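Dear colleague,

Please find the structure below. My notes on its largest pocket and nonpolar cores follow.

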Amino acid sequence: MSVVAALAYDGVAARCIRRLKEEGETRLARPLGLALSVAVSHAVAGDMRAPLLVPIPTGRAAFRRRGYRVPELLIRRAGLQMSGVLSNARATVDQRGLGIDERARNVSGSIRARHARDAHEALLIDDVVTTGATLDEAARALTAAGFRVRGAVALAATPRHSRFPGNAS
C-alpha cells in the first residue's frame, strides 16, 4: 500500500506530535492538520472522484486518556470531511516498544469496518506510521467490507516507510 506522509517523524515534528498526543496540546492540531491537508491533496491530486477519508480508530484507553481521537482531530482541523466506517473490534496493547512482527500480531483482527452499500474508494488517515501494521489491518478490514483502499496518508512517518509529497522515493 502506498503511504504519503506530510512530515518525517523526527526533530521538531516528532516533538510537536508527542505534545499533541501525550500532553494534550490540542492547539498544535491546527498547524499539524494543515500539513496533513497538503499530504491528502497530494495523494488525491488529479482524481475526478475523491475517496472517502477514513481515520484509523483510536483505542478506548487512549481516547479516555486524551479525550480526543488524534486522527479525527487532525482531519477536522484540516477542514476535511471524514467517514467513520472503521471501529475497534478488540483492544490492543500500546504499540510503542513492539517490534515489527509483534505489532502485526497485536493489531491482527483488531479493526472492523461497516459494509459499503456501494463500491467506495477509501484513503486511510493516521497520525504516525512506523511499521504500517495498523494501516495494513485497517486496509484488510475495509477490503473485507467491500471498499477499495487507494492508500494511506499519515501526518508523519519514519522516512524509510513512506514517501513524502514532492519526493517519489
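Which helix gives the most to the lining of the largest pocket? H3 does, with six residues. The model is predicted, so that local features need pLDDT of at least 70 and side-chain atom pairs pLDDT 80 or more, while totals for chains, interfaces and linings use all residues. Residues are numbered from 1 along each chain as its sequence is written, and side-chain values use heavy atoms, without hydrogens and water.

A pocket here is an open set of points on a 1 Å grid over the protein atoms alone where a 1.4 Å probe fits, with protein on both sides within 12 Å along at least five of seven lines; lining residues have an atom within 4 Å of a point. The largest pocket holds about 1000 Å³ of space, the volume being that filled by probe spheres set on the points. Its lining comprises 38 residues, with Lys 21, Arg 66, Asp 94, Gln 95 and Thr 134 nearest the centre. By class, 15 are nonpolar, ten polar and 13 charged.

The largest nonpolar core (buried nonpolar residues, under 20% relative accessible area, joined through side-chain atoms within 4.5 Å) has 24 residues. Leu 20, Leu 36, Leu 74, Ile 125 and Val 153 have the most contacts inside this core. H2 (29-44) is among the elements supplying at least two residues, and H2 gives the most, with six. A second, separate core of 21 residues includes Ile 111, Ala 141, Ala 145 and Ala 152.

Yours sincerely

Notes: Helices (H or I, at least four residues) and strands (E, at least two) are DSSP runs, numbered from the N terminus. Ala, Val, Leu, Ile, Met, Phe, Trp, Tyr, Cys and Pro count as nonpolar, Asp, Glu, Lys and Arg as charged, and the others, Gly among them, as polar. Buried means under 20% relative accessible area, exposed over 50%, partly exposed in between (1.4 Å probe, protein chains only).
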